[in-house]
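User: Please take one part of this model and go through it slowly for me, as I am in my first year. Then connect that part to the rest of the chain, and explain each term when you use it.

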Amino acid sequence: MKYRKLGKSGLLVSEIALGNWITHGAQVDEATAQACVHAALDSGITTFDTADAYSETRAESVLGESLKGIRRESIELYTKVFHPTGPGHNDRGLSRKHIMEACNASLRRLQTDYIDVYYAHRFDATVSLEETFLAFSDLVRQGKVLYIGVSEWTAEQIKLGATLAREMKVPFVASQPQYSMLWRIIEAEVIPACEREGIGQVVWSPLAQGTLSGKYAPDKPIPEGSRASTTAGSGFFKRLAGQWLHQEVLQAVERIQPIAKECGLTLPQLAVAWVLQNPHVSSAIIGASKPEQVEENVKAAGVCLDPEVMRQINNILNGVVEFDPSKTG
Ligand code: NDP
């Protein structure tokens, strides 16, 4: 494993992190979840990503249990606040009340005294940014949170947040957007804005939810047991995976296979290595429904891809890649 600084901060994070959206507390049983976490630890992953709202809060609890007994100083924990965690009108968003209550609940479920990076999971246009950042600032002063991040904020929203963070001396150092060979919307605006502010990218779905593993072949049925087939969440996951499962995309992905082979990599390894070629990326958060997937994907750490390989990939995917920054969030 290789480790990178998170933006301008002194915090080192593993360049491949393990996330537990959809999997822990929903798609996979607890033993499998624990096996995935242990496969990650065994391969040098020290950075783990979750959110309070994942699997109606169960994902945080499963991660907390899986990491029990691991030296706290040896790992970095990310979690997030914004999406609903209960039925009440204050059980969501970025108000001071919800941020304070959500942070305390996350600490309990994760069985820890502090969160390394606490993310605003989305922008909340109904709450003043001052209120949100004051709450973050207080959590930092209380030692419950070490650093602040945001997820799926536009460049403009990030700039506003960074100005307040500077005034309040809040260490705002991370942006968590979707980024992969197929989804490159952060390149035009978010990355330049973050670079000016010393904010690193912690990118999610580097495999486009498994599409870039090559498991979804054109004209073939969706494989049994895959994310696109899961019924957890009343088809929510199927709909999301459906974003990618079009003939044009799948045919293009098939044409990337031989390039991976020539590089001595599997397709998932090439996809993870591809996002890590971007120097603005501090870490890539992978997901896994089996420990073997973690073991395979971590081999992308430290891989250096030839510029000619990057050019060939661009040529093949030309026409199916999304670049439009207005799709943020
Ligand atoms: P990926 O794009 O890495 O997709 C992971 C899924 O792809 C796995 O669960 C598995 O699904 C399949 N897969 C992975 N490796 C392989 C392999 N080697 N061979 C075949 N299939 C494979 O990431 P996710 O979409 O899971 O996102 C990663 C993390 O990012 C999340 O857990 C979460 O922590 C974070 N995230 C953050 C968001 C935000 O708003 N901030 C939003 C979404 C995610 P299967 O086996 O079931 O087909």
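Analyst: Ser 55 sits in the loop between strand E4, residues 47-49, and helix H2, residues 58-66, where helices (H or I, at least four residues) and strands (E, at least two) are DSSP runs numbered from the N terminus. This is a predicted model, in which local features need pLDDT of at least 70 and side-chain atom pairs count only at pLDDT 80 or more, while totals for chains, interfaces and linings use all residues. Residues are numbered from 1 along each chain as its sequence is written, and side-chain values use heavy atoms, with hydrogens and water left out.

The backbone of Ser 55 deserves a careful look, since its phi is near 50°, a positive value in a residue other than glycine. As background, most residues other than glycine have a negative phi. Ser 55 has a relative accessibility of 14% and therefore counts as buried; the word buried means under 20% relative accessible area, exposed means over 50%, and partly exposed is in between, with a 1.4 Å probe and protein chains only.

Thr 50 belongs to the loop between E4 and H2 as well, and with a relative accessible area of 1% it is buried. If residues up to four places away in sequence are not counted, Thr 50 touches Asn 20, Ala 59, Glu 60, Leu 63, Tyr 78, Thr 79, Lys 80 and Leu 110, a contact being heavy atoms within 4.5 Å. Of these partners, Leu 110 is 60 residues from Thr 50 in sequence, yet the two C-alpha atoms are 9.7 Å apart in space.

Just before the loop, strand E4 covers residues 47-49, and Phe 48 falls in that stretch. Leaving aside neighbours within four places in sequence, Phe 48 is in contact with Leu 18, Val 37, Ala 40, Leu 41, Leu 63, Leu 67, Ile 75, Glu 76, Leu 77 and Tyr 78. Leu 63 and Tyr 78 appear in this list and among the partners of Thr 50 too.

Phe 48 leads on to the interior of the chain. A nonpolar core is a set of buried Ala, Val, Leu, Ile, Met, Phe, Trp, Tyr and Cys residues joined through side-chain atoms within 4.5 Å. The largest such core has 87 residues, and Phe 48 is one of those that touch the most other members, together with Leu 18, Tyr 118, Phe 133, Leu 270 and Leu 317. Helix H9, residues 267-276, gives the most to this core, contributing eight residues. A second, separate core is made of twelve residues, including Tyr 78, Val 117, Tyr 119 and Val 173.

Another buried residue with ties to this region is Asp 116, which lies in strand E6, residues 115-120, and counts as buried at 4% relative accessibility. Apart from neighbours within four places in sequence, Asp 116 is in contact with Arg 72, Ile 75, Glu 76, Leu 77, Leu 146 and Tyr 147; Ile 75, Glu 76 and Leu 77 are also contacts of Phe 48. Asp 116 and Leu 146 are 30 residues apart in sequence, and their C-alpha atoms are 5.0 Å apart in space.

A positive phi near 50° in a residue other than glycine is found at Ala 208 too. Ala 208 lies in the loop between strand E9, residues 200-204, and helix H7, residues 236-241, and it is buried, with a relative accessible area of 0%. By contrast, Gly 264, in the loop between helix H8 (247-262) and H9, is exposed, with a relative accessible area of 65%.

Finally, the setting is a chain with eleven helices and ten strands. Its radius of gyration, taken over C-alpha atoms, is 19 Å, close to the 20 Å that the globule rule gives for 329 residues, so the chain is as compact as a globular protein of that length; that rule is 2.2 Å times the number of residues to the power 0.38. Of the 329 residues, 57% count as buried, as Ser 55 does. Among the contacts with a separation of 6 or more, 79% come from residues 24 or more positions apart, and the pair of Thr 50 and Leu 110, at 60 residues apart in sequence, gives an example from the loop that we began with.
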